[in-house]
Structures are given as C-alpha cells and as structure tokens.
Amino acid sequence: MLHAVLRAATEGGEATPNPVLPESYDLIWSTVCFVIILIFFWRYVLPRMQTLLDERAEAIEGNIAKADEAQRKAEAALEEYTAQLADARAEAGRIREAAREDGKKIVAEAKDQATTEAARVTASAQAQIEAERQSALVSLRSEVGTIAIDLASGVIGESLSDDAKAKAVVDRFLADLEASEQAAAGGKK
Amino acid sequence: MFVDARASLHAPKQEIALLANAVNLLVPISTDDGEFHGPSILEFFPGPLLFEGTDFEVNRIILVRWVAVLALLLVFWLGTRRMRVVPGRFQSLVEMGLDLVRVNIADDLLGKKDGKRFLPILTTIFFLVLFMNITGVIPGLNIAGTSVIGVPLVLAIVAYITFIYAGIKKSPKNFFKNSLFPSGVPWPVYIIVTPIEFISTFIIRPITLTLRLMMNMIVGHLLLVLFFAATQFFVFNLGGWYTLLGAGTLAFGLAFTLFEILVAVLQAYVFALLTAVYIQLAVAEEH
C-alpha cells in the first residue's frame, strides 16, 4: 500500500529533481555569496574587530598603569610625610636636649659666678680684716710703746728719748709678751 | 519491509492506517472536500525568475540568499562602522557574535596563532550558514537558503580545501601519516585501517558536512509546511470539530518554528566547529 501511494505520487508529477544533485546556477550563486561574505569579514569586519580589541587591551593596560602611578605617588607622599614627621620629632628632641644643656650650663655658670663672687667677697673681707688688724697692730704697737716708755721714763726717771734704745726696749717687751701669749695658747691647747 | 512486518505482527489495521495517513500528508492527494497541499520536494526547486536557462538563473531561493547576504552585510557594517572601546548595545551584540567564533571555536580548538589564521574562513562559514538558515523562519522568506545543496556543498568544499591546505602547509609527511597511518597500530592492520581512514577523511567528511546541513534545513522546512498546511486544511477546508485539530497543528507549528531557530544556530555552530576540528586534526603533530 505504501509503495503504491508513493509510486502514484511520483508518477503523477513531472520528473522530481534530486535534491542532492546541484544545478550550475546554484553553485555559482552560492560561491558568489560565499566570496562576498568572506572578503567582507576578512578585509573589513575582522581587522576592525582586531583593532578594537587591541585598543581595548591598551586602554585597560593604560588604566592599570595610571592606577599604579597614582598608587606609587601616594606611597611616595606618605613616605615623605613620615620622613618629615620623623625629622620634626628628631629636631624637637634635639632642641629640647639643647635647651636642657643650655639650662645646665647657665645654672653651672651662675653657680661658678656665685662661688667666685663669694670667694672674692670672703677674700676681700679677710684682706680688709687683715689690713685692719695690721693697722690696729701698728697703731697699738706705737701707742703701747709710747705709753710704756712714758711709763718707764716716769719710773726710772730717765728719759728714754734715745729712739734706738727705746725701740729696742719696746721690741724686746713685745717679743716677751708674744712669747708669753704663745706659751699661754700652747698651754691651753 | 521491516515496518510492514511489525505492523502486521501487532495491530495491523491501525498501524497501516496511521502509516497511510502519514504518507497521505507527505504527498499531494485529493480529498473529498477541498485540496490538501502537503509539502513537496518541488518547493526547493521553484521556477526561474531571471536569466532563465543560463548559468546565472535566479529563482526564489537565490533571492532569499541575496536577502540573507544583504542582511548580513548590513548588520556587520552597522555593527563595526564606528567601534567604541566601550561598546553600545548593538556593538555588544555584534561583538558577542564575533567572539563566539573567535574565542569558542577558533582560539579554543586551534590556539591563538592558527586561530587567527583561519578566523576569516570560520567566521564566514558560521555567519553565512546562520543567516541563510534563519531565513527558514522569517515570514515572507520561509525557506532556508541552505536548504538547496549549493551553499552547503560550496562551504563543505571550502572546509575540505582549507583543512587539506592547512595540513600540507604545516607538514605534508605528518598530515598524511596522521590521516592515513594512525600511530600505535601493528603494520598488518594498516591494510584495513588505511582505506577506512582515507574514505572517512577525504570522502566522507565533505559529504557529511553538506548533507547534515542541507537535510536539517529541508526537513525543518517540510515539517513547518506540514503543520501550517494541515492547520489551513483543518480550519478552512474542513471546519467544525476539525478546527480543534487545526489548533493543535498550529501549536506544533509554532513550537517547531522555535525549534527551527535553535537548529539554525546549532547547525551553523556545528558546521564552523567541525571545520575547525578538521583543521586542528590536520595541523596536529601527533594524534
């Protein structure tokens, strides 16, 4: 039955073309279509696409480079800032140290000056005392001498006006006095 | 025949009736009320429109191909006319299409260097097949430009020449050795293997490329015509309760239209992919 139907169908129409056998115009037009599209893609579309891809890659790389550059700059700035901060700290420390040194020096100088001044005052005071003592001693000696000679003159009734004699007597008296004083001091000790 | 035998073994009458119905749908037959115009192979051989009888005869199919070529040129011209580093919507779509071939077919199978060499051929094959396939579901065109043997055959010949060229250019010795004398086989086996390899590589490959594409498109077209012709017949010639059947066939027709879009993309991908695979096998150092 199947065969009969199919046979009837094919016999009824004109000679059915075989779809597997190509016609010459079919091949020619197919080739034309293919060549047009091949040239179009080969010479126009794909080179443009390639250019675009290159540009895009470049743009991406450029942006990455730019970002790197910015990063580097930021890091450099941070480093510089840190360095400056450290410098400033060191500077401050140095200044503080110097101030402390200066202070110490000023105190020491003041102390020295005070000591010297005190020493000088003490020395001058001693010198003055010494001078006063000397003058007292001198005036005392002359006065004591005069008094003693007057006294002795009165006692012995004889003038001891001869200066040389008088001086020798006084000196001897004083020497005795000093010796007795020293002996007293030694005894006290 | 086998089918007949099976039919007579089980439920003979029902199955024979079904088969008869199926055949009735495939071939033009008369019915009682109104004609049913089933799909026929003659649809792929329409009458000539221009240059009749010359080698440049133009019929409806050739016109459909022209439309596909023009659409392709237009899309890619517009898409790549002013390319921006940051693409717009349309440029993104065009780039996506080009990247499908460039990355997923050329670079993946052939590597960067060979991929770039054969990219024009692969891109042309993919988009030419895609655009000519898709005309099968475009209203008004309704037939795939690849459903007549010309385009599939020309593209298969291009693929054939390309992979043989690639192999010979790389190293003729390696190419023929790998193609005809696969390594790791004891020599007496070559008596059998070599003819088989020769037939499969140099004869079967272009034929399967051609027929796979063409038959897919022919069958797709016949199916769609069958569903929509049946809808027409049920609704307008028979009417009444048959309208329900017509709704069913219409739904199938719509579903198969979507399926045909998938097949159109898939066949384009398969054709370009197989071409790339053949090139890759031809330039491989060792299998």
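User: Let's start with helix α6 of chain B. Which of its residues are buried?

Analyst: The general trick is to count how crowded each residue is: 20 or more other C-beta atoms within 10 Å makes it buried. In this predicted model, helix α6 covers residues 172–180 of chain B, and Phe175(B), Asn178(B) and Ser179(B) are buried there.

User: How do I work out where those buried residues sit around the helix α6(B)?

Analyst: Look down the helix axis and see how wide a slice the buried residues take up. For α6(B) they fit within an arc of 95°, so they line one face of the helix.

User: And what do the buried residues of α6(B) pack against?

Analyst: Their partners are α5, α7 and α8, which belong to chain B as well.

User: Can you give me the overall layout? How many helices and strands does chain B have?

Analyst: Chain B comes to 8 helices and 4 strands. Going from the N terminus, the order is α-α-β-β-β-β-α-α-α-α-α-α. Chain A has 3 helices and 0 strands, giving the pattern α-α-α.

User: What share of each chain is buried?

Analyst: In chain B, 33% of the 287 residues are buried. In chain A, 7% of the 189 residues count as buried.

User: How do I read contact range in chain B? What percentage joins residues at least 24 apart?

Analyst: You take contacts between residues at least 6 apart in sequence, then ask what share of them spans at least 24. For chain B that share is 64%.

User: Now the nonpolar core. Why look for one in the first place?

Analyst: In soluble globular proteins, nonpolar side chains tend to be buried together. Here is the case in this model. The largest nonpolar core has 68 residues, and those with the most contacts inside it are Leu122(B), Ile125(B), Leu128(B), Val129(B) and Leu155(B). Both chains feed into this core: α2 (24–156) of chain A gives two or more residues, and so do α3, α4, α5, α7 (190–238) and α8 (242–283) of chain B. The top contributor is α4(B), with 19 residues. There's also a second, separate core of 5 residues, including Leu224(B), Phe227(B), Phe233(B) and Phe234(B).

User: Take Leu128(B). Which residues is it in contact with, leaving aside neighbours within four places in sequence?

Analyst: Leu128(B) is in contact with Cys33(A), Phe34(A) and Ile37(A) from chain A, plus Leu155(B) from chain B.

User: So how many residues of chain B are in contact with chain A?

Analyst: To read an interface, count the residues on each side, then ask which elements and classes they come from. Here, 37 residues of chain B are in contact with 34 of chain A. On the chain B side, α2 (12–26), α3 (60–81), α4 (89–134) and α5 (150–170) each give two or more residues. By class, that side has 30 nonpolar, 4 polar and 3 charged residues.

User: What does the UniProt record mark at residues 27–46 of chain A?

Analyst: An unreviewed UniProt entry annotates that stretch as a "transmembrane region". In the model, residues 27–46 of chain A are 100% helix, with the end C-alpha atoms 26 Å apart.

User: Last one: where in chain B is the pLDDT below 50?

Analyst: Check the average, then hunt for weak stretches. The mean pLDDT of chain B is 86, with 87% of its residues at 70 or more. The pLDDT is below 50 over residues 1–20 of chain B, a stretch with 9 contacts beyond near neighbours in sequence. The pLDDT is also below 50 over residues 27–33 of chain B, which have 13 such contacts. The model scores ipTM 0.82 and pTM 0.67.

Technical notes:
Residues numbered from 1 in each chain as written. Chains lettered and ligands numbered in written order. Predicted model: local features only at pLDDT ≥ 70, side-chain atom pairs only at ≥ 80, totals over all residues. Contact = placed C-beta atoms within 7 Å. Nonpolar A, V, L, I, M, F, W, Y, C, P; charged D, E, K, R; others polar. UniProt positions renumbered as here; feature names shortened; annotations may be inferred. Core = buried A, V, L, I, M, F, W, Y, C linked by C-beta atoms within 7 Å. Buried ≥ 20, exposed ≤ 12 C-beta atoms within 10 Å, placed from the backbone. pLDDT = per-residue confidence, 0-100. Arc of directions from axis to C-beta.
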